[in-house]
Amino acid sequence: MTAETKPARPAARWAAGSDRPGWRVTRVAAVAAAFVLACIFPLVFTNATVTNIAVQTVIFVAVASAWNLFSGYSGYLSLGHAVFFGTGAYAVGIIARDANLTGGTVFWLLPVAGLIATVIAVPLGLVALRVRRHTFVVITIAFFFIAQLTATNLGITGGSSGLLAPQPNFNPATFNNPFYYTGLALAVLTIALSFLIRRSRFGLQLRAIRDDEDRAVGLGVRAMPVKLTAFALSAFITGMAGGLWFYFIGQAFPQFAFDPLFDLAVVLMAFFGGLGTVAGPVLGALVLEPAQLYLTLQLTNDYLSEILLGVLFLAIILFLPRGVLPTGAEILAAQRARWLRRDGRA
């Protein structure tokens, strides 16, 4: 029996990817197991500090995935998503205050917060998306500072005194759970949307714009409507997350609702896990947000955790620019290739 006709060894078959149906089943099972674990997490870990961190983590899973849905797929790196996050926070706060809403009713304001963020994103996108990469980044930063100054000086937002959230009437023993499950639902829906978009024609158009926008336009991609749609979807989810964050934290001040470190953290999460992938921003948020909150609780210097965040960002850009998941996939592919060569010589 020749080398060309003899059956492939198990390692070679796995390296060649011929067991793809089994691999797909494994992935589906892993996702299902992760979802079940996420659902029972606050039932198993009932410590208030742990569930507090969990609530903020699932919020940032949604935000990082939403940011990646636009920036990771299109290549337009936004440093102004705090505009939509803060807008959602203030939208929920103002409506709840003026309508005297409290309890679980406030959660129904989250889609409204997302819509208001989208209304702001559309004209912003019509202006900013007319320019290319680096100029786009500068424009989003400029819009961020405009939004922060506006919130500081408007009476309806409470100015520099900020805005207080209505007091939830939840059971003290499980106070964080409604926020956690609402954030988890938002995160799961965002991840599912990101997955569907990546596998759709719309996602293909976004990635074509990322790779070579001029060539994509030449092939018939309507770049502006595609970019603007992704930008608006990303803003809608980010606005909802901002509204949930405000209700959970209990207050919003301009310097925190519109925080430049927010954008740095979200970008770092996406880069850490793998920019432009579905799972990358999820991994980044699950690792970095709890780590940052833990360091903030443990360190006496309020700014040391931010300094460490900046150092980590530089390290990721310099030494792991493709992110953990793509780099891990490349290492596995290289290992598979070595197994193929070894089995071919055997």
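Start your tour with the aromatic rings: the structure holds 23 aromatic pairs. Here, rings of Phe, Tyr and Trp (its six-membered ring) pair if their centres lie within 6.5 Å; planes under 30 degrees apart count as stacked, over 60 as edge-to-face and the rest as tilted.

Select Phe84 and Phe231. Their ring centres are 5.5 Å apart and their planes stand at 80 degrees, so this pair is edge-to-face. Phe84 belongs to helix 4 and Phe231 to helix 10 (residues 223-249), so the pair ties together parts that are 147 residues apart in sequence. Helices (H or I, at least four residues) are DSSP runs, numbered from the N terminus. Both Phe84 and Phe231 are buried, where buried means under 20% relative accessible area, exposed over 50%, and partly exposed in between (1.4 Å probe, protein chains only).

Before moving on, a word about what is on your screen. This is a predicted model, in which local features need pLDDT of at least 70 and side-chain atom pairs count only at pLDDT 80 or more, while totals for chains, interfaces and linings use all residues. Residues are numbered from 1 along each chain as its sequence is written, and side-chain values use heavy atoms, with hydrogens and water left out.

Next, pick Phe175 and Phe179. With centres 5.7 Å apart and planes at 45 degrees, their rings make a tilted pair. Phe175 is partly exposed, at 23% relative accessible area, whereas Phe179 is buried at 0%. Add Phe107, Phe170, Tyr247 and Phe248 to your selection, and you have one aromatic cluster together with Phe175 and Phe179.

Now go to helix 10 and select Thr238. Which residues is Thr238 in contact with, leaving aside its neighbours within four places in sequence? They are Ala66, His81, Phe84, Phe85 and Phe262; contact means heavy atoms within 4.5 Å. Thr238 is buried, with a relative accessible area of 0%.

Staying in helix 10, move to Lys227. Is this lysine, Lys227, buried or exposed? Lys227 is buried, with a relative accessible area of 3%. Its contacts, leaving aside neighbours within four places in sequence, are Phe70, Tyr76, Leu129, Ile209 and Glu213. For a ruler exercise, draw a distance from the C-alpha atom of Lys227 to that of Gln335: the two are separated by 37 Å, with their positions 108 residues apart along the chain.

Phe262, one of the contacts of Thr238, leads to helix 12 (residues 260-273). Its 14 residues should span 20 Å at 1.5 Å a residue (1.5 Å times one less than the number of residues), and the end C-alpha atoms are 21 Å apart, which agrees. Helix 12 is mostly covered, with eleven of its 14 residues buried; among them are Phe262, Asp263, Met269 and Gly273.

For a change of scene, turn to the surface. Select Phe35, Val36, Leu37, Ile40, Leu43, Val44, Phe45, Val50, Tyr181 and Val188, which make a nonpolar patch of about 870 Å². Such a patch joins nonpolar side chains (Val, Leu, Ile, Met, Phe, Trp, Tyr) within 5 Å, from residues with over 30% relative accessible area and no salt bridge (a side-chain nitrogen of Lys or Arg within 4 Å of a carboxyl oxygen of Asp or Glu). Accessible areas come from the Shrake-Rupley method with a 1.4 Å probe. Helix 2 gives the largest share, six residues. Leu37, in helix 2, counts as exposed at 56% relative accessibility.

Last stop: Asn100, in the loop between helix 4 (82-99) and helix 5 (110-128). Asn100 counts as exposed at 68% relative accessibility, and has a positive phi of about 55 degrees although it is not a glycine. Most residues other than glycine have a negative phi.

Notes. Helices (H or I, at least four residues) and strands (E, at least two) are DSSP runs, numbered from the N terminus. Patches are made of residues with over 30% relative accessible area and no salt bridge: like charges are joined within 9 Å, nonpolar side chains (Val, Leu, Ile, Met, Phe, Trp, Tyr) within 5 Å.
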